Amino acid sequence: MNQYLSKIGRRIKEPPISWLMKTAIETPGLISLAAGFTDSSTLPVKETFLITKSIFKKAGKTALQYGSTEGDSNLRQLTSDRIKMLDNVENPSYSPERVLITNGSQQFLYMLVEALCEEEDIILVEAPTYFVFLGILQSHNIAARNIKLDTEGINIDSLKATLDCLDKNGELQKVKFFYSVSYFQNPTSYSTAENKKRETIKILKHYEKKAGHPIYYVEDAAYRELRFSGQDIPSVLSFNNLNNHVIYTGTYSKPFATGIRVGYAFLPPDIYQVIKRIKGNHDFGTANYLQQIIVEAIKSGIYAKHLKVIAKRYSEKANLMGKEIKKNFDFPVHYITPTGGLYFWVALPDKVKTGFKSKVFQQALKKKVIYVPGEICYADDPYFKKPTNELRISFGYSEETDISAGIKRLGDAIRESIN
């Protein structure tokens, strides 16, 4: 059946988030704590309207015309300046000539896999990790190896042990990159400490020699600008003098407006042109009009003001969800209150399963609340036993009343399942 399809066409599975979103839409009264949507009430509607008027007064025809494959030169320069400002350091890694503008950071991840990976290659991922990225790997028949994650980022001993194992098994040459969601990680909200980033780069550089090719450090900073407390952490670009095999990707969608699909990547020269050519085959350039909106938002100061608005909003919602969890989860539970991002990562007692077919999920569904089962955030890895007692809940999209009601329903569902 379907033998006329390509290998990818036959392999590809429906992303779990598609089912979760469909269920939320089709079930009246259901509260979704699953989808990582951003807050609707703070979307910059008036600001974007004013920006649009300004664009059409100054350069409407240009904005509505095709742009270049690599992206608008002004936006590439502004992106370069912005990340350089966040890191407060100067080096060649921030050059606008290394910036590629994409349709959100998701498109970049797909193109990166296309550029670097063959079937049966290996990607190192955090355990747990961004499960949509795992779907890209699965569809391309690329293996993923789980590296344990601590509250301050990657577990260095786990990284070394995994690379040693791959070396011993003669598979090190299959390893193409290490993928890390380093700021307020999806799904855990953990951030990777600077010293762990530095140590990881040194380790990858060491094993590159045995692999016979670069092993890239891919830093996905999609949530970096959703920080509402604590200090920022320098990116891998800030110490790129250690080696040139670091890749940084981010997005303007989550911090500004998710309907404006504009992302970016800072790429080493050796793969910049390759990925640019792939993008040319994809779409020969991210929508120029959307890029001009972001350019004007940054230049006018609207973007910076908006970051302050969402920081306050997400801080309030995260605090509320934390209080509701404390009040309604009167059973053994482990979580941290995030300082940025959109998520709480909750671990229940070891024997309490949270998967789609579990008593907890089914009971939650009956009570009209859904979450992301934690087990789908781990790669299928024969050397790693997936935890089955975790779940991800989001405060990003829900209003305060839904957060309170949703956590109460979820607490009741878990309690009844345990009993």
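The legends below describe an overall view and three close-up views of a predicted model.

Residues are numbered from 1 along each chain as its sequence is written, and side-chain values use heavy atoms, with hydrogens and water left out. Because the model is predicted, local features need pLDDT of at least 70 and side-chain atom pairs count only at pLDDT 80 or more, whereas totals for chains, interfaces and linings use all residues.

**Figure 1. Overall view of the protein, with 13 helices and 13 strands.** Helices (H or I, at least four residues) and strands (E, at least two) are DSSP runs, numbered from the N terminus. The C-alpha trace spans about 60 × 60 × 50 Å along its principal axes. Of the 419 residues, 56% count as buried (under 20% relative accessible area, with over 50% being exposed and values in between partly exposed; 1.4 Å probe, protein chains only). Among contacts (heavy atoms within 4.5 Å) between residues at least 6 apart in sequence, 75% join residues at least 24 apart.

**Figure 2. Close-up of Thr-42, in the loop between β1 (31-32) and α3 (45-63).** Thr-42 has a relative accessible area of 13% and is therefore buried. Its side chain forms a polar contact of 3.0 Å with the side chain of Asp-39. A polar contact is a pair of N or O atoms within 3.5 Å; within protein, one must be able to donate a hydrogen and the other to accept it, and residues adjacent in sequence count only if both atoms are side-chain atoms. Leaving aside residues up to four places away in sequence, Thr-42 touches His-306, Val-309, Ile-310 and Arg-313.

**Figure 3. Close-up of Gln-185, in the loop between β6 (175-181) and α8 (194-211).** Gln-185 is buried, at a relative accessible area of 1%. The side chains of Gln-185 and Thr-188 are joined by a polar contact of 2.7 Å. Beyond four places in sequence, the residues that Gln-185 touches are Glu-126, Pro-128, Thr-129, Leu-149, Tyr-190 and Tyr-343.

**Figure 4. Close-up of Tyr-216, in strand β7 (residues 216-220).** Tyr-216 counts as buried, with 4% relative accessibility. Asp-270 is among the residues that Tyr-216 touches, and the two side chains make a polar contact of 2.9 Å. Other residues touched by Tyr-216 include Leu-116, Phe-177, Leu-204, His-245 and Pro-268. Val-246 lies 30 residues from Tyr-216 in sequence, with a C-alpha to C-alpha separation of 5.5 Å.
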